[in-house]
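Colleague: I should like to understand how the terms used for this model are justified. May I put some questions to you, one term at a time?

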Amino acid sequence: MKSRIAANHMIDGIFALLLFLIFTASVLLVLTSGTRVYRDTVDKSAANFSERSLVAYLTAKVHHHDNQGAIELAQFGDGTALLLNEDFEGVEYATYIYIYDGYVRELYMEKALGLGAESGEPVMAAQSLELRAEPERSLLHISCTGDSGRELQSVVYVRSGIGGGD
C-alpha cells in the first residue's frame with residue numbers, strides 16, 4: 001500500500017513540475033513577443049516623429065516669416081527650395097530650406113554671398129522634399145518623404161502671399 005501511495009505522490013510531483021515548466025515557458029513566450037511588439041512600436045513612433053517634425057518645422061518657419069514679400073520658392077540644391085527673405089538694418093538676408101544629398105538642409109546667409117547648396121546645415125534625413133505654391137490662394141503645399149519612405153503632406157496658408165511660385 002505504501003508503494004502505491006508513494007507512486008501516486010511521485011506522479012503528483014511530476015505533474016506539478018510539468019505544469020510549472022509549461023507555465024514558465026508560456027511566460028517566457030509572452031515576454032519575448034511583448035518585447036518584439038514594444039520594439040516595433042518604438043521604431044515606428046521614432047520614424048513617425050521624425051517625419052512629422054520635418055513638416056511641423058517647415059510650417060513653423062513659414063508662419064514665422066509671414067511678411068509681405070518674405071516667402072518665395074526658388075531653385076536651389078536638388079530641387080525647389082523654400083526661400084525666406086528678411087531685412088535687418090538695411091542688409092538683406094535669406095534662409096534657404098531645401099533638399100540636398102539626402103538631407104533637408106537650412107542655409108542662412110547674407111543674400112549677396114551666394115553660397116552653394118553644400119554649405120547648408122543638415123536638419124533631417126529625407127528622401128524628398130517637394131514644395132508647390134498656389135499664389136492666387138496664398139497656399140504653400142509641402143510634401144516630404146522621410147527615411148522610412150512614408151510621405152507626409154501639409155498645406156500652409158500664407159497671409160502675406162507667396163512669390164516665386166510654379
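Modeller: Certainly; let us begin with one contact. In this predicted model, the side chains of threonine 80 and glutamine 75 make a polar contact at 3.0 Å.

Colleague: What makes the pair of threonine 80 and glutamine 75 a polar contact?

Modeller: A polar contact requires a pair of N or O atoms within 3.5 Å, one able to donate a hydrogen and the other to accept it. The side chains of threonine 80 and glutamine 75 are 3.0 Å apart in their polar contact, so the distance meets the cut-off.

Colleague: Where is threonine 80 found, and why is threonine 80 called buried?

Modeller: Threonine 80 is found in strand β2. Its relative accessibility is 18%, and buried means under 20%, so the word applies. Leaving aside neighbours within four places in sequence, threonine 80 is in contact with Leu73, Ala74, Gln75 and Leu131.

Colleague: How do you know that β1 and β2 pair?

Modeller: Pairing requires at least two bridges between two strands. Strand β1 (residues 71-76) and strand β2 (residues 79-88) have six bridges in the antiparallel sense, and therefore they count as paired. Within this pairing, glutamate 72 stands opposite leucine 83 in β2. The two strands form a hairpin with two residues between them, and glycine 77 in the turn has a positive phi of about 70°.

Colleague: Does the same reasoning serve for β3 and β4, and what is the number of bridges there?

Modeller: Strand β3 (residues 91-100) and strand β4 (residues 103-110) run antiparallel and are joined by eight bridges, so the requirement of at least two is met. Isoleucine 97, for instance, has glutamate 106 in β4 as its bridge partner.

Colleague: What is the order of the strands in the open sheet, and what makes β1 and β7 edge strands?

Modeller: Seven strands form the open sheet in the order β1-β2-β3-β4-β5-β6-β7, with antiparallel pairing. β1 and β7 (151-157) are the edge strands, as each pairs on one side only. From one strand to the next, the twist averages 35°.

Colleague: How many aromatic pairs are there, and why is the pair of phenylalanine 76 and tyrosine 96 called stacked?

Modeller: The count is three aromatic pairs. For phenylalanine 76 and tyrosine 96 the values are 4.4 Å centre to centre and 20° between the planes. Ring centres must lie within 6.5 Å and stacked planes must be under 30 degrees apart, so this pair qualifies on both counts. The pair links phenylalanine 76 in strand β1 with tyrosine 96 in strand β3, 20 residues apart. Phenylalanine 76, at 14% relative accessibility, counts as buried, and tyrosine 96 counts as buried at 13%.

Colleague: What makes tyrosine 93 and tyrosine 108 a stacked pair?

Modeller: Their centres are 5.5 Å apart and their planes differ by 5°, so they too satisfy the limits of 6.5 Å and 30 degrees. Tyrosine 93 lies in strand β3 and tyrosine 108 in strand β4, 15 residues apart. Tyrosine 108 has a relative accessibility of 46%; this lies between 20% and 50%, so tyrosine 108 is called partly exposed.

Colleague: Is aspartate 101 buried or exposed?

Modeller: Aspartate 101 is exposed, because its relative accessibility of 55% is over 50%. The residue is in the loop between β3 and β4, and has a positive phi of about 55° although it is not a glycine. Most residues other than glycine have a negative phi.

How values were computed:
Residues are numbered from 1 along each chain as its sequence is written. This is a predicted model: local features need pLDDT of at least 70, side-chain atom pairs count only at pLDDT 80 or more; totals for chains, interfaces and linings use all residues. Side-chain values use heavy atoms; hydrogens and water are left out. Helices (H or I, at least four residues) and strands (E, at least two) are DSSP runs, numbered from the N terminus. Axes are lines fitted to C-alpha atoms, for helices over the stretch in contact, and angles run from 0 to 180 degrees between N-to-C directions. Buried means under 20% relative accessible area, exposed over 50%, partly exposed in between (1.4 Å probe, protein chains only). Contact means heavy atoms within 4.5 Å. Rings of Phe, Tyr and Trp (its six-membered ring) pair if their centres lie within 6.5 Å; planes under 30 degrees apart count as stacked, over 60 as edge-to-face and the rest as tilted.
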